[in-house]
Amino acid sequence: MNKKVTILLSRTGENHKKRILFGLKRIRQTLVQNGYELYQETLPENFAEYRNIEGEKIYVGIAEQDSFIAWLEENELLIYHSTKPGYEGMYLETIPARLTLVVGGDETGALYGLLELIDRIDEEGEIPREIAYSDAPVMKL
Amino acid sequence: MDKCRKIVGRFRNWCQNTEILGESFPNLSVDFGPGSIAAYLGCEITWQERTVWFNEFVEDWADIPAFEFNPDNKWYKKHIEVVKKCAELARGDFVMTIPDLMENLDVLVSMRGAQNMIFDLIDEPEIIEERIRQVNDVYFNYYDSFYDIIKMPDNSSAFTVFSIWGPGKTAKLQCDFSALMSPQQFRDFVQDSLRQQARKLDNVLYHLDGPDAIKHVDALMEIEEIDALQWTSGDHGPDGTLEDWYEIYDKARAAGKSLWIKVYSGTVDDWIANCERLVKRYGSDCLYFYFNPMPMADARKLLDYAEKNWSNIKGDFRV
């Protein structure tokens, strides 16, 4: 049976940033290479309805800038198990309704998060079933 | 111009005390460091005893006018003046070489910094494509101005690195920054630029630098106009004779490219054994072995063996 995944995009264009779009292009290629059937959908107006989108989902956003991320935080669906991502940092988490979140501290952090997720998909052959992972550069070059 | 007398005088002294053997030839490199086009286009140079740095200065590409050949740039004027003077002093006694001008993204990276460039490829791909085109456009203004000074009477020329010479225009091409690029990015940004550049040259050696550049070998070998490949395994890495490099060399030979191979691991007996292995595999017509200066006894042993055993050998390698 084909594996299916839906990439969720912000309704207001909050995650339509060049580095995020670049990362999404890369992750789409990886998902296809790993046997996924790809779908893309805009987030519902009522964020709670994201649960109604069938199957696995991926969403990428920037902390403090993205209203969906903010809503997930408020509703304690997204709980940072370490610090909230800051400069060039990232946080990956699986939350209810099979949604894998990639949260960047900024646009670059979101890209790094996507690249981390790509590596994991390549290693495991599928989207990690349960992930809570944060990282950030030790120093700025 | 006293310094030019010193440069040429020192080189004459070296030539008088060195036997130039095999297919090597005395050639004087008058270089301002790798990638001097970046300095001609605006970089300041920081000189150190054993190296140079081109200081990045581009904050925003929008603030930088389109690149144009600028004969009044202070570094270019100085460089061409020194090369001209050294060529006069050389009086045709030895070969003068084209400086290591460099091309495509390696020039832009000197101006902008590697980390910024990684993001520029994502954020502003059209601008970077246009800048690469501009570097390509000015490259031959600079190349030709040096070529006109250093060319031999038969119009042949030599290039400053890898001791390469050939009829007409000769150059080494590269993209060291490619180590930080994906194969698709290399095809999108660099492959065609190299192809266009190579088309205007008569002899092209591509310098493939380091393990992270290997992923681009397929794209490089598609460029018909590249004549030969030189592979560097990294800083202080094993020499070019290692069997692990066959995967790279096989692709180059399958594409009809010659191989430039530096030999330095082990002793003279190891060099002979390792070169012998390569000659048997690839044949003697497509190989150029480069050796560092060595004691005369080793050189005689090596040359004697080469002359007796490495002529007109057809290799075992088949596509």
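Let's start with a pair of side chains in chain B: K169(B) and D144(B) meet in a salt bridge, with 2.8 Å from N to O. The two partners come from distant parts of the chain, 25 residues apart. K169(B) sits in the loop between β6 (164-166) and β7 (170-174), while D144(B) belongs to helix α6 of chain B. How accessible is D144(B)? Its relative accessible area is 24%, so D144(B) counts as partly exposed. Please keep in mind throughout that this is a predicted model.

If you are new to this kind of pairing, here is the background: side chains of opposite charge can pair when their charged atoms come close. Over all chains, the structure holds 23 salt bridges, and I'd like to show you a few others.

Stay in chain B for the next one. D269(B) and K301(B) join their side chains in a salt bridge, 2.7 Å from N to O. Which parts does this pair tie together? D269(B) lies in helix α10 and K301(B) in helix α11 (residues 296-309) of chain B, so the salt bridge connects parts that are 32 residues apart in sequence. D269(B) is partly exposed, at 44% relative accessibility, and K301(B) is partly exposed as well, at 41%.

Now over to chain A. Here K84(A) and E73(A) form a salt bridge at 3.3 Å, N to O. Again the pair links distant parts of the chain, 11 residues apart: K84(A) is in the loop between α2 (67-74) and β4 (90-95) of chain A, and E73(A) is in helix α2. With 33% relative accessibility, K84(A) is partly exposed; E73(A), at 22%, is partly exposed too. These two also have company, since E64(A), E73(A) and K84(A) are linked in a network of salt bridges.

So much for pairs inside a chain; what about the place where the chains meet? The contact draws 5 residues from chain B and 9 residues from chain A. About 710 Å² of area is buried between the two chains, and carbon and sulfur atoms give 55% of that. Which residues of chain B lose the most area to chain A? They are F119(B), I122(B) and D123(B), which together make up 68% of what that side buries.

D123(B) deserves a second look. It forms a salt bridge with R19(A), and the closest N and O atoms are 2.4 Å apart. On the side of chain B that touches chain A, helix α5 (residues 114-123) gives the most, with 4 residues. That side of chain B divides into 2 nonpolar, 2 polar and 1 charged residue. The count of salt bridges between chain B and chain A is 1, and 2 residue pairs are in polar contact across the interface.

Next, let's walk along a helix, α3 of chain B. It has 17 residues, 74-90, and at 1.5 Å a residue it should span 24 Å; the end C-alpha atoms are 24 Å apart, which agrees. At its start, a side-chain oxygen of N73(B) reaches to within 2.9 Å of the backbone nitrogen of W75(B). Just after the helix comes R91(B), with a positive phi near 50 degrees.

Many of you will want to know what α3(B) tucks away. Its buried residues include W75(B), Y76(B), H79(B), V83(B) and L89(B). What do the buried residues of α3(B) pack against? The answer is α1 (2-16), β1 (27-28), α2 (37-40), β2 (44-47), β4 and α6 (125-150) of chain B.

Strand β4 gives us our next stop, I98(B), which is found in this strand (residues 95-98) of chain B. Buried or exposed? I98(B) has a relative accessible area of 0%, so it is buried. Leaving aside neighbours within four places in sequence, its contacts include Y143(B), F146(B), Y147(B), I150(B) and F159(B). I98(B) and D31(B) are 67 residues apart in sequence, and their C-alpha atoms are 8.4 Å apart in space.

My last stop is helix α9 (residues 246-254) of chain B, where Y246(B), I248(B), Y249(B), D250(B) and A252(B) are buried. The elements covering them include β8 (203-209), α8 (217-221), β9 (228-232), β10 (258-263) and α10 (268-282) of chain B. We met α10 earlier, as the helix that holds D269(B). After α9(B) comes G256(B), whose phi is positive, near 80 degrees.

Thanks for listening, everyone!

Notes
Residues numbered from 1 in each chain as written. Chains lettered and ligands numbered in written order. Predicted model: local features only at pLDDT ≥ 70, side-chain atom pairs only at ≥ 80, totals over all residues. Heavy atoms only, no water. Helix = DSSP H or I, 4+ residues; strand = E, 2+ residues; numbered from the N terminus. Buried < 20%, exposed > 50% of the residue type's maximum accessible area, 1.4 Å probe, protein only. Contact = heavy atoms within 4.5 Å. Expected span 1.5 Å × (residues − 1). Polar contact = N/O pair within 3.5 Å; in protein donor to acceptor, adjacent residues only side chain to side chain. Buried area = accessible area lost by both parts, 1.4 Å probe. Salt bridge = Lys/Arg side-chain N within 4 Å of Asp/Glu carboxyl O. Nonpolar A, V, L, I, M, F, W, Y, C, P; charged D, E, K, R; others polar.
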